[in-house]
2 protein chains.
Amino acid sequence: MNLLLLEKTDFIGDDRVRISGRRFEHIKTVLKGETGSLLSCGLINKKMGKGCITSFGFDSLEMQVTLDMDPPEPLPLTLVLALPRPKMLKRILEGVTSLGVKEIYLMNSWRVEKSFWQSPVLEMDNLEKYFRLGLEQGRDTMVPKIYLKRYFSKFAKEELPIIGQDSLCITAHPKTSNLCPNSINKKTTLVIGPEGGFIEFEVTTLEEAGFETFSIGERILKVETATTYLISRLFT
Amino acid sequence: MNLLLLEKTDFIGDDRVRISGRRFEHIKTVLKGETGSLLSCGLINKKMGKGCITSFGFDSLEMQVTLDMDPPEPLPLTLVLALPRPKMLKRILEGVTSLGVKEIYLMNSWRVEKSFWQSPVLEMDNLEKYFRLGLEQGRDTMVPKIYLKRYFSKFAKEELPIIGQDSLCITAHPKTSNLCPNSINKKTTLVIGPEGGFIEFEVTTLEEAGFETFSIGERILKVETATTYLISRLFT
């Protein structure tokens, strides 16, 4: 936890918060916080700053906070992922949130196992938990938006062209020698397929929606590795 | 499995192999291979090419292979990691192997939990398994070398200066505004700390060993995300 993420309900005064539960335990046992300790903190979807622990109880602590800094710049990226395996999805969501991604679409694809859509990982409470962990890790307060799209063709044909408007539209796909550009640093919509890759029909549909196909060379990466790798490559 | 990794003991003739066990099951159930199927394959630490399934049995298959291609270029990177949590280490080893890393040092650090050094993940048989998975993923045959270094000071003071000779020496550390360069594409030795970061003494020791401290900006990433992120940033 590199930033203590506050909610409105934590406030017991204009600049005073009370923290209990998971965050309290983390501050106590991992960060070894005590009265007088200074911690980075931020209010969800608002400003960030510092908090000073004013009292340390058995199961809660109080802090005085000054929130006067803007969160870091978001990445100008819309990330579209074929729904990954639930365990990997957790890590991806936490990871891309820590990297500054703010728009995420999870879509269906031929090689996505149907059961993945039934996973509790996709329940909104859980998604929010992964986002929070990612924000605490990356020192940010702005919660990403996430959309679930269960119908590939409808989504790719009707919605993706609008989502990708005014942005560089990329499908990451190992079966091309077209190398993914680097240091783009402008608005980008990046589509990443499932383990095993998109089928030809899907690649074609994406191409028709304006998404050019790029690879990263001879190597093929897992979705999780590819996602971080491509974000770093596009935005450095 | 994007490449079937062969061992010398698989060969039953000059250009014929017999495959059973995990690889057979994967070819059968995931890749849906059958007699006549063509698969990418490669001999460990040797050349790669294609194999054609010539017979498909109940618990093994036979292939005729032609291995006439060089494996992809290795990354000119020596990766030095403060020993990560075992579960994460597995994924990191598989991931960096798929990215083409060939030299890995796992070292101790103040914030590395002692118990991590007792993990079965560090047994050579297991390390080799993760490397194989990474090579199968990244379509490569060259197994990385790995070294375990349990004494930080001795390693950082005596060995690291020699390991880093003639290379760009970098310590990734969030507590600097010195931004990590990108697209270096030359020999680099990259040191990445534990969760929670290096302590000041360690950063200083690394600096004295010739390792300059760089961050990736305001955000702080998990070791796993940082490793992939930095590799992509340095080598694009």
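**Two chains and a helix: how do we know?**

Modeller: In this predicted model, a turn of 180 degrees and a shift of 0.0 Å along the axis lay chain B on chain A with an RMSD of 0.0 Å.

Biologist: How do you know how the two copies are related?

Modeller: Two copies of a chain are related by a rotation about an axis and a shift along it. Here the turn is 180 degrees and the shift 0.0 Å, so the two copies are related as by a two-fold rotation axis. The same surface serves both copies, as 100% of the contact residues of chain B recur in chain A.

Biologist: Nice! Now to helix α1 of chain B, residues 21-29: which residues are called buried there?

Modeller: R23(B), F24(B) and I27(B) are the buried residues of that helix. The word applies because each has under 20% relative accessible area.

Biologist: And what puts them on the same side of α1(B)?

Modeller: They cover an arc of only 100 degrees around the axis, which puts them on the same side of α1(B). As background, an α-helix has 3.6 residues a turn, so residues three or four places apart point the same way.

Biologist: What covers the buried residues of α1(B)?

Modeller: The cover includes strands β1 (4-6), β3 (16-20), β4 (38-43), β5 (48-56) and β6 (60-69), along with helix α3 (124-138), of chain B.

Biologist: What makes up chain A, and how much of it is buried?

Modeller: Chain A has six helices and 11 strands. Of its 236 residues, 53% are buried, which means that they fall under 20% relative accessible area.

Note on methods: Residues numbered from 1 in each chain as written. Chains lettered and ligands numbered in written order. Predicted model: local features only at pLDDT ≥ 70, side-chain atom pairs only at ≥ 80, totals over all residues. Heavy atoms only, no water. Least-squares fit on C-alpha atoms with pLDDT ≥ 70 in both. Contact = heavy atoms within 4.5 Å. Buried < 20%, exposed > 50% of the residue type's maximum accessible area, 1.4 Å probe, protein only. Helix = DSSP H or I, 4+ residues; strand = E, 2+ residues; numbered from the N terminus. Arc of directions from axis to C-beta.
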